[in-house]
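Okay, thanks for coming, everyone. Let me put the model up and walk you through a few strands and then what sits in the middle.

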Amino acid sequence: MASHDSHTGRLPGLFASPDTSSFTEFLGAYSPDLLPGRRTPPSARAGEDIPHGTTIVAVAFPGGVVMAGDRRATAGNVIAQRDIEKVFRADEFSAIAIAGTAGIGIEMVRLFQVELEHYEKREGRTLSVEGKANRLATMVRQNLGMAMQGLAVVPLFAGFDEERDGGRIFSYDPAGGRYEERDFHSIGSGSVFARGALKKLYRPDLSARDAALVCVQSLYDAADDDSATGGPDLTRRIFPVVASVTADGYRRLGEDEVGALAQAVVDARYDSPGGPTAPLR
């Protein structure tokens, strides 16, 4: 008599004993159509109407790293969503954010979260920061076919490294290339303007709060010059998502906390529209 797992209430053997600690590899072997990069590419015209998200910034400080993202998603010249979230908890000691095709990016984030949890449960330990960054690079590479159709997703990853006792930042290209960044980085359509602000505002001795303030300032500058980046919306109370990763773990700053930072930035811009100036010497 053929065995039937629905009668016993047990999972099929394939699920009970996957021969890999990578959930992405397991899913690719069992049901590859569920992977974000295996979707049927839409037409070029349809791709233009799909929401895209920008801009993300990350700043390292002694003891950790702060990551922040604006809340706007655009579809062509239209604001598709005003309060989209692009910064997420990857696991207890890391954060991930996405720029590019919003739907695929959010799926990639969820799969990455499961990937890290699956590894920890199967191996009984967490991946190193380097290992997490490498796993994410593999997932980005799997989306290359969609990226060639104009549906690229580019993540930014940051984590606390216990061995180095500090934060680390990793960026990616659409082909899955992985690059470690020093001190700060930005991705998305407003990244050029945000990075210019970060260069002027970054200090190696920033506190966690000042690092968050630098992130909000740089996002404001990005929104000032990039129409796809949304600035703080004081009337709707929509503020950037800001999170820190330290030895104490991942923490998303509360709305009141970020709102106070955003209000301080906006108030200061009345007197200095260009933002804080860096010393010439």
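So, start at the hairpin of S8 and S9: there are four residues between the strands, and aspartate 165 takes a positive phi near 55 degrees. Keep in mind that this is a predicted model. The two strands, S8 at residues 153-161 and S9, run antiparallel and pair over six bridges. If you want one pair to look for, find phenylalanine 160, which stands opposite glycine 167 in S9.

Now follow S9 itself, residues 166-172. How many of its seven residues are buried? Six of them, so to speak a mostly covered strand.

On we go to the next hairpin, S9 with S10. This one has five residues between the strands, and here glycine 176 is the residue with a positive phi, near 95 degrees. S9 and S10, the latter at residues 178-181, also pair in the antiparallel sense, over four bridges. Phenylalanine 170 has glutamate 180 in S10 as its bridge partner.

Okay, let's move to the cores. The largest nonpolar core has 25 residues, and the ones touching the most other members are Val57, Val59, Val66, Leu206 and Val242. Which elements give two or more residues to this core? Those are strands S2 and S3, plus helices H8, H9 and H10. H9 gives the most, with seven residues.

Click on valine 57 and look around: among the residues valine 57 touches are Met67, Leu156, His185, Cys215 and Leu219. And there's another core lying apart from that one, with 24 residues, including Ala90, Leu111, Ala133 and Met146.

Methods. Residues are numbered from 1 along each chain as its sequence is written. This is a predicted model: local features need pLDDT of at least 70, side-chain atom pairs count only at pLDDT 80 or more; totals for chains, interfaces and linings use all residues. Side-chain values use heavy atoms; hydrogens and water are left out. Buried means under 20% relative accessible area, exposed over 50%, partly exposed in between (1.4 Å probe, protein chains only). Two strands pair if DSSP finds at least two bridges between them. A nonpolar core is a set of buried Ala, Val, Leu, Ile, Met, Phe, Trp, Tyr and Cys residues joined through side-chain atoms within 4.5 Å. Contact means heavy atoms within 4.5 Å. Lists of a residue's contacts leave out its neighbours within four places in sequence.
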